[in-house]
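Ready for a few exercises? Have a go at each one with the viewer open, then read through the solution.

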Amino acid sequence: MDHSLTALSPVDGRYRAATEGLAGLLSEAGLVRERIRVEALWLLQQAESLQGQHAALPFASAVLQRIEELAEDPGAGSPAVVKAIEQRINHDVKAVEYFVRDEIRAAGASAAQLELVHFGCTSEDINNISYARLLDRARSEQLLPALDALLQVLAGFAAAHADLPMLARTHGQTASPTTLGKEFANIRARFVRARARLAVVAILGKWNGAVGNFNAQVVAFPALDWLAVSREFVEQRCELDWNAHTTQIEPHDWIGEYCDALAAINVIGIDMCRDLWGYVSLGYLRQRAVAGEVGSSTMPHKVNPIDFENAEGNLGLANALLRHFSDKLPVSRWQRDLTDSTVLRNVGVALGHSLIAWRAALRGLGKVAPDPAALAADLDDAWEVLAEAVQTVLRAAGVPDGYELLKEHSRGKPLTRDSLGALIADLPIPPARRAELQALTPSAYVGLAARLARLQAGT
């Protein structure tokens, strides 16, 4: 049977195509491969830092080559071998250690050299580095490119429709007009700022033993500068920011920041999806019917905004998890408890729901186009929005109680071209200003909307 039909989570079932790249990083197999890489990188660090300190060094060229291969690519079959070892010993990180020992033993490592595998490490030394590197890659290889694709489409909408007038709504009521492009530009501007926040979250790693004090390492090699070794390993070999002050675990504050930044992006996404859904409902955006698709099981005419609805739902799921991660992961009893372990295994699920949502929103954007006639009809039926323009001109001219005058004639009352024109004709302002107001229409009353849209679109 197709695995997608038996997967418990839709992230790995129904939506697997959207999360395939992420699964290669944050699945169990991805975590196992990264743990192997980190164990191998630590061996390479020891080959340099313990040279002249440890009698078993240097490694023979064949052994060193195998270590380098493991650090680069442990191989597609390595997770299955590690899991078989884990079934026997019931410890996931120790199983990785045994796998690496077996691999370098086969390459010719001596018994003394085998003891350097996982030397001075606690499981969390391996785990925190592995998760950090995986989340770093998930950000650079999956999240940011997917978000950039969305930003590019939003920029296209902003540029293409910068001049297309649209009736705005505040509190659900008619309000001063805008342009469709300006509203897309607003969304894009928010995403750009939120993307920058996610991109600069520093990703930390620690390498300091059982409670963060290098206790065992100092006893074994007291003359070695272990702070310098740790920093070099984390920063140079693992390409992370070094955290010198930890307990047994890296405190996960940075993961909280990462999750908060991602959740903030998703909140903007929810707002976008609801607004676009609303514009479809108003008829401002038309949806392209896809040949062969069914919109409703009973109403044949339906073309539903399912992509925006799918995106909104997945963004909510993602944020429920992301908020939990940022609240829970930085909290650990004394020097260590294990509650973070099972929680961390679900980080990929939250990122997966985010990717599913962003790609659904992208599909939705690819199916919509503005309906200029519908936009124009709503504007032509909303002459009351020009009350703001008239009262502001009165204020600028120093006419007393201009706001109150317009309020009396427009609040809660229908205002037409003719009734507004009659009101303007009696205003105590210069004839040239009256003429300008008489010529003003709702579709022309858009201020600098087009300029702002092009500013964000870069056109």
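**Exercise 1.** Which residues does Tyr-258 touch, not counting residues up to four places away in sequence?

*Solution.* Keep in mind that you're looking at a predicted model.
- Step 1: Pick Tyr-258 and skip anything up to four places away in sequence; what is left includes Leu-135, Ala-138, Arg-139 and Leu-143.
- Step 2: Carry on along the chain, and you can add Leu-198, Val-201, Ile-203 and Leu-351.
- Step 3: Now put Tyr-258 in its setting. The largest nonpolar core has 117 residues, and Tyr-258 is listed with Phe-191, Leu-351 and Trp-358 as having the most contacts inside it. Helix α8, residues 123-160, supplies the largest share of this core, with 16 residues.
- Step 4: Look for another core. There is a second, separate one of 18 residues, and Ala-387, Val-399, Leu-406 and Leu-420 are among them.

**Exercise 2.** Work out whether Ile-85, Gln-142 and Leu-338 are buried or exposed.

*Solution.* Take the residues one by one.
- Step 1: Ile-85 sits in helix α5, residues 78-89. Its relative accessible area is 6%, and the cut-off for buried is under 20%, so Ile-85 is buried. Leaving aside neighbours within four places in sequence, Ile-85 is in contact with Ala-95, Tyr-98, Phe-99 and Asp-102.
- Step 2: Gln-142 belongs to helix α8. With a relative accessible area of 12%, Gln-142 is buried too. Beyond four places in sequence, Gln-142 touches Gly-21, Leu-22, Leu-25, Arg-137, Leu-355 and Arg-359.
- Step 3: Leu-338 lies in the loop between α13 (306-328) and α14 (339-344). Exposed means over 50%, so Leu-338 counts as exposed at 60% relative accessibility. Its C-alpha atom is separated by 9.8 Å from that of Ile-249, which is 89 residues apart along the chain.

**Exercise 3.** Find what lines the largest pocket.

*Solution.*
- Step 1: Start with the space itself: the largest pocket has a volume of about 520 Å³.
- Step 2: Go to its centre. Of the 18 lining residues, the closest to the centre are Thr-174, Glu-384, Ala-387, Ser-410 and Arg-411.
- Step 3: Trace them back to elements. Those giving two or more residues to the lining are β2 (173-179), α17 (387-396) and α18 (402-410).
- Step 4: Sort the lining by class, and you get 5 nonpolar, 8 polar and 5 charged residues.

**Exercise 4.** Now do the second largest pocket: which element gives the most to its lining?

*Solution.*
- Step 1: This pocket holds about 370 Å³ of space.
- Step 2: It is lined by 21 residues, and the closest to its centre are Asp-12, Leu-26, Ser-27, Glu-28 and Arg-345.
- Step 3: Two or more lining residues come from each of α2 (16-26), α3 (28-49), α8 and α15 (347-366). α2 gives the most, with 6 residues.
- Step 4: By class, this lining has 11 nonpolar, 6 polar and 4 charged residues.

**Exercise 5.** Where is the pLDDT below 50?

*Solution.*
- Step 1: Take the whole protein: its mean pLDDT is 93, and 96% of its residues reach 70 or more.
- Step 2: Then find the exception to look at, residues 296-302, where the pLDDT is below 50. Beyond near neighbours in sequence, this stretch has 2 contacts in the model.
- Step 3: Read with care, since predicted coordinates should not be read in detail where pLDDT is low.

Definitions and conventions
Residues numbered from 1 in each chain as written. Predicted model: local features only at pLDDT ≥ 70, side-chain atom pairs only at ≥ 80, totals over all residues. Heavy atoms only, no water. Core = buried A, V, L, I, M, F, W, Y, C linked by side-chain atoms within 4.5 Å. Buried < 20%, exposed > 50% of the residue type's maximum accessible area, 1.4 Å probe, protein only. Helix = DSSP H or I, 4+ residues; strand = E, 2+ residues; numbered from the N terminus. Contact = heavy atoms within 4.5 Å. pLDDT = per-residue confidence, 0-100. 1 Å grid on protein atoms, 1.4 Å probe; cavity = no way out; pocket = protein on both sides within 12 Å on 5 of 7 lines; lining within 4 Å. Points joined across faces, edges and corners; volume = space filled by probe spheres on them. Nonpolar A, V, L, I, M, F, W, Y, C, P; charged D, E, K, R; others polar.
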